[in-house]
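Visitor: I should like a close look at one part of this model, namely the strands and the side-chain contacts made around them. Please set out the geometric criteria as you proceed.

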Amino acid sequence: EGLNAAMPGDTVIVRPGTYNEAISTVRNGTEAFPIYLLSEVERGTVFVKAAGQVFSISHAYHIVDGFVFDGQYGANDLIKIGSGADNLTFKNSEILRSGRDCIDMAGPQNVLFDNLLIHNCIWYSGGTQTDAHGIAGGPVRNLTVRNSEIYYFTGDGIQIDPGRNSPGWNDVLIENMKIWNGPLPSTENTMPAGRVPGENAIDTKAGSSFTRANITLRNITAHGFINGAITNQAAFNLKENINATVDGATVYDSEIGFRIRGPADITIQNAVVYGTTYGIRYEDNIVNPKLYNTTFGSNVSNPFFGTSSSGTTFTTRNFLILSANLPSQTSHPSNRAVASSAFVNAAANDYHLSTGSPAIDAGVIVAGITTDRDEAVRPQGTGWDIGAYEYIGRGIVQPP
């Protein structure tokens with residue numbers, strides 16, 4: 001009732017408790033006077049539950065803060081965000097137990113998701129899983145997803161525009177995230193315990209007739225994308241008509257770290273990859289993927305694997321690999337293969353550089369890369385270090 005009555009500039013404060021109802025926005029707020037839906041206390045005290053769709057947002061300038069939305073595995077998208085829901089801020093909330101997508105968006109603009117916990121998006125019937133994503137977006141513009149965790153989903157953690165809808169999406173930023181999967185600890189929506197749901201952490205689709213879509217992925221940890229229901233399961237499945245910059249990713253316990261496919265334009269920097277069957281799988285004659293200041297650690301069975309990409313050449317600089325040999329894709333003199341002694345503790349997958357590491361001050365300057373995986377300024381010494389981390393043994397130089 002409070003949301004039904006709220007006018008621009010109003011704040012609807014919801015007391016702790018369980019509310020067994022589906023809710024919807026009614027009218028637009030404005031830039032100066034948004035409509036604020038606020039939990040009276042912190043997240044975990046206000047529960048909104050319904051079998052299927054719990055919250056429909058189809059109006060502009062709303063702020064949602066501090067709720068738990070439980071879809072009870074009903075056969076509908078749990079949070080539905082329409083194209084009219086521009087300038088939405090959705091934060092400090094938990095979204096769980098959806099029988100379809102946990103969050104499904106059409107084509108709104110200027111949407112911010114911040115500090116969300118999204119999990120158990122499970123679509124499963126008769127022994128077959130169907131895509132249920134953590135966050136699915138259509139032709140969104142200016143979307144930011146940050147400071148959040150997504151896990152246990154039968155589709156992708158985040159999928160952008162599976163329908164390749166007009167006018168196309170653009171300007172997506174995903175940062176400071178944990179996206180993971182693994183064997184279910186208990187039966188969920190009839191999917192048995194021990195099964196691995198999920199496909200990829202992040203998957204892009206972009207129609208060839210639209211302007212190239214830009215996406216930035218920053219400081220994302222992804223793991224557990226292996227032994228699922230699909231082949232070529234990847235943490236990052238980046239493809240089609242996009243420009244993608246991946247800065248500061250960590251990938252482990254996965255079949256593929258980065259699956260990159262033409263005609264995408266891909267730059268990967270400050271990444272750490274270990275415990276994968278394929279570090280980078282490149283396809284469809286992708287042109288000049290760029291790989292800078294990246295570390296491949298232990299148990300990367302195939303650092304690079306190309307298919308239908310006989311003409312592909314990489315630009316690789318300051319690439320560091322725990323191996324006796326450099327892959328052919330990394331022949332530039334700034335790249336180096338090293339023993340485990342080059343790292344602080346490779347056995348524990350700590351790939352910071354050890355004192356005396358041959359990677360210290362041995363790299364080349366790469367324009368635009370001014371910090372490392374820990375956001376320490378590059379360089380810390382007389383030259384750029386090789387790999388994802390600058391050696392911090394001289395007293396850290398902080399950003400200005």
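Guide: The account below begins with conventions, then takes up strands, ring pairs, salt bridges and one loop residue.

This is a predicted model, in which local features need pLDDT of at least 70 and side-chain atom pairs count only at pLDDT 80 or more, while totals for chains, interfaces and linings use all residues. Residues are numbered from 1 along each chain as its sequence is written, and side-chain values use heavy atoms, with hydrogens and water left out.

Strands are DSSP runs of E with at least two residues, and helices are runs of H or I with at least four, both numbered from the N terminus. Two strands are paired if DSSP finds at least two bridges between them. In general, strands of a sheet pair through backbone hydrogen bonds, either parallel or antiparallel.

An open sheet is formed by eleven strands in the order 3-6-9-11-15-17-19-21-24-27-30, with parallel pairing. Its edge strands are strand 3 (23-24) and strand 30, each of which pairs on one side only. At one of these edges, strand 3 pairs with strand 6 (residues 55-57) in the parallel sense over two bridges, and Ser24 stands opposite Ser56 in strand 6.

Strand 4 (residues 35-39) has pairings of its own. Strand 1 (residues 11-14) runs parallel to strand 4 and is joined to it by four bridges, with Val14 opposite Ser39. Strand 4 also pairs in the parallel sense with strand 7 (residues 62-65), again over four bridges, and here Tyr36 stands opposite Ile63.

For burial, relative accessible area is used: buried means under 20%, exposed over 50%, and partly exposed in between (1.4 Å probe, protein chains only). In a regular strand the side chains alternate between the two faces of the sheet. Strand 4 shows such an alternation: Ile35, Leu37 and Ser39 point to one face and are buried, whereas Tyr36 and Leu38 point to the other and are not.

Strand 7 also contributes to a salt bridge, defined as a side-chain nitrogen of Lys or Arg within 4 Å of a carboxyl oxygen of Asp or Glu. Side chains of opposite charge can pair when their charged atoms come close. By this rule the model has 15 salt bridges. In one of them the side chains of Asp65 and Lys91 meet at 4.0 Å, N to O. This pair links distant parts of the chain, since Asp65 belongs to strand 7 and Lys91 to strand 10 (residues 89-98), 26 residues apart. Asp65 counts as buried at 11% relative accessibility, whereas Lys91, at 23%, counts as partly exposed.

Another salt bridge joins Asp77 to Lys80, with their closest N and O atoms 3.2 Å apart. Asp77 is buried at 11% relative accessibility, and Lys80 is partly exposed, with a relative accessible area of 30%.

Two strands of the open sheet, 24 and 27, carry a further salt bridge, in which the side chains of Arg261 and Glu283 meet at 3.7 Å, N to O. Arg261 lies in strand 24 (residues 254-261) and Glu283 in strand 27 (residues 276-283), so that the pair links distant parts of the chain, 22 residues apart. Both Arg261 and Glu283 are buried. Salt bridges with shared partners join Arg259, Arg261, Arg281, Glu283 and Asp284 into one network.

Rings of Phe, Tyr and Trp (its six-membered ring) pair if their centres lie within 6.5 Å; planes under 30 degrees apart count as stacked, over 60 as edge-to-face and the rest as tilted. The structure holds 19 aromatic pairs. Phe304 and Phe314 form an edge-to-face pair because their planes stand at 80 degrees, with the ring centres 5.2 Å apart. The two residues are ten apart and the pair links distant parts of the chain, Phe304 being in strand 30 and Phe314 in the loop between strand 30 and strand 31. Phe304 is buried at 10% relative accessibility, and Phe314 is buried at 13%. Elsewhere, ring pairs link Phe55, Phe67, Phe69, Phe90 and Phe113 into a cluster.

The loop between strand 30 (300-307) and strand 31 (315-317) also holds Thr312, which is buried with a relative accessible area of 11%. The side chain of Thr312 reaches the backbone oxygen of Ile286 at 2.7 Å. A polar contact is a pair of N or O atoms within 3.5 Å; within protein, one must be able to donate a hydrogen and the other to accept it, and residues adjacent in sequence count only if both atoms are side-chain atoms. Thr312 touches Tyr282, Asn285, Ile286 and Pro289, not counting residues up to four places away in sequence, where contact means heavy atoms within 4.5 Å.
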